[in-house]
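Work through the exercises below with the coordinates open. Try each task before reading its solution.

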Amino acid sequence: MIKDLDKDHVCFEYEFEPHNICCKRMFVEISEPDNVIHNTGFVGGCNGNLEAISMLIEGMKADDFVDMFDGHLCGKKGTSCMDQLAKFLKENVLCEEENDN
């Protein structure tokens with residue numbers, strides 16, 4: 001879904017199912033053209049931690065988030081909630097930006 005933020009920005013809403021983590025579904029809005037993260041949500045997982053992380057990453061640029069959390073691990077899972085979100089952003093949001101150039 002797309003919604004207008006103001007005359008210069010639109011916000012795209014994404015929803016996806018991550019893999020190999022406790023969280024079963026993730027939601028994130030990305031404003032364009034600046035690729036800023038808004039309104040991140042999670043179904044399942046460590047609720048308190050994920051709510052806190054959502055507040056901390058609100059307004060963060062997607063590429064900064066990817067730089068910070070891509071490869072971040074949780075226990076022996078080989079991934080984490082933040083790693084899954086970083087991978088999703090890298091493969092579905094930031095790659096679109098590269099393809100537009």
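**Exercise 1. Overall picture**

What percentage of the 101 residues in the protein is buried? Then list the elements and judge the confidence of the model.

Solution.
- Step 1. Buried residues account for 38% of the 101 residues.
- Step 2. Count the elements: the protein has 3 helices and 4 strands. Their order from the N terminus is β-β-β-β-α-α-α.
- Step 3. Check confidence, for this is a predicted model. The mean pLDDT is 90, and 89% of the residues reach 70 or more. Among the elements, strand 1 (residues 2–6) has the lowest mean pLDDT, 66. Helix 2 has the highest, 97.
- Step 4. Add the surface. About 6,100 Å² is exposed, and carbon and sulfur atoms supply 52% of that area.
- Step 5. Add the contact range. Take the contacts between residues at least 6 apart in sequence: 36% of them join residues at least 24 apart.

**Exercise 2. The nonpolar core**

Find the largest nonpolar core and say which residues have the most contacts inside it.

Solution.
- Step 1. The largest nonpolar core holds 24 residues. Met26, Ile37, Phe65, Leu85 and Leu89 have the most contacts inside it.
- Step 2. Assign the core to elements. At least two residues each come from strand 2 (9–16), strand 3 (23–32), strand 4 (36–44), helix 1 (47–57), helix 2 (62–69) and helix 3 (81–100).
- Step 3. Rank the suppliers. Helix 3 gives the most, with 8 residues.
- Step 4. Take Ile37 and set aside its neighbours within four places in sequence. The contacts of Ile37 then include Val28, Glu29 and Ile30. Ile57, Glu58, Gly59, Met60 and Ala62 are also among them. So are Phe65 and Leu89, two residues that also appear in the list of Step 1.

**Exercise 3. The loop between strand 3 and strand 4**

Which residues are joined by a cis peptide bond? Then inspect the backbone and side chains around that bond.

Solution.
- Step 1. The cis peptide bond joins Glu32 and Pro33, with omega at about 20°. Pro33 lies in the loop between strand 3 and strand 4.
- Step 2. Move to Asn35, which lies in that loop between strand 3 and strand 4. Asn35 has a positive phi of about 55°, although it is not a glycine.
- Step 3. Is Asn35 buried or exposed? Its relative accessibility is 5%, so Asn35 counts as buried.
- Step 4. Look at Ser31, in strand 3. Its relative accessible area is 2%, which means that Ser31 is buried. The Ser31 side chain makes a polar contact with the side chain of Asp34, at 2.9 Å.
- Step 5. Find a second positive phi. Asn39, in strand 4, has phi near 50° and is not a glycine either. At 46% relative accessibility, Asn39 counts as partly exposed.

**Exercise 4. Aromatic pairs**

How many aromatic pairs does the structure hold? Classify the pair of Tyr14 and Phe88 and the pair of Phe65 and Phe69.

Solution.
- Step 1. The structure holds 3 aromatic pairs.
- Step 2. Take Tyr14 and Phe88. Their ring centres are 5.7 Å apart and their planes stand at 75°, so the pair is edge-to-face. The cut-off for that class is over 60 degrees.
- Step 3. Locate the partners. Tyr14 is in strand 2 and Phe88 in helix 3, 74 residues apart, and the pair links distant parts of the chain. Both Tyr14 and Phe88 are buried. For Tyr14, the relative accessibility is 17%. The cut-off for buried is under 20%.
- Step 4. Now take Phe65 and Phe69. The centres are 4.8 Å apart and the planes differ by 40°, a tilted pair. Both residues are buried. They are 4 residues apart in helix 2, so about one helical turn separates them.
- Step 5. Extend the first pair. Ring pairs link Tyr14, Phe16 and Phe88 into a cluster.
- Step 6. Finish with a backbone check. Tyr14 and Leu89 are 75 residues apart along the chain, yet their C-alpha atoms are separated by 9.6 Å.

Methods. Residues numbered from 1 in each chain as written. Predicted model: local features only at pLDDT ≥ 70, side-chain atom pairs only at ≥ 80, totals over all residues. Heavy atoms only, no water. Core = buried A, V, L, I, M, F, W, Y, C linked by side-chain atoms within 4.5 Å. Buried < 20%, exposed > 50% of the residue type's maximum accessible area, 1.4 Å probe, protein only. Contact = heavy atoms within 4.5 Å. Polar contact = N/O pair within 3.5 Å; in protein donor to acceptor, adjacent residues only side chain to side chain. pLDDT = per-residue confidence, 0-100. Phe/Tyr/Trp six-rings, centres within 6.5 Å; stacked < 30°, edge-to-face > 60°. Areas by Shrake-Rupley, 256 points an atom, 1.4 Å probe, with all protein chains shown as cover.
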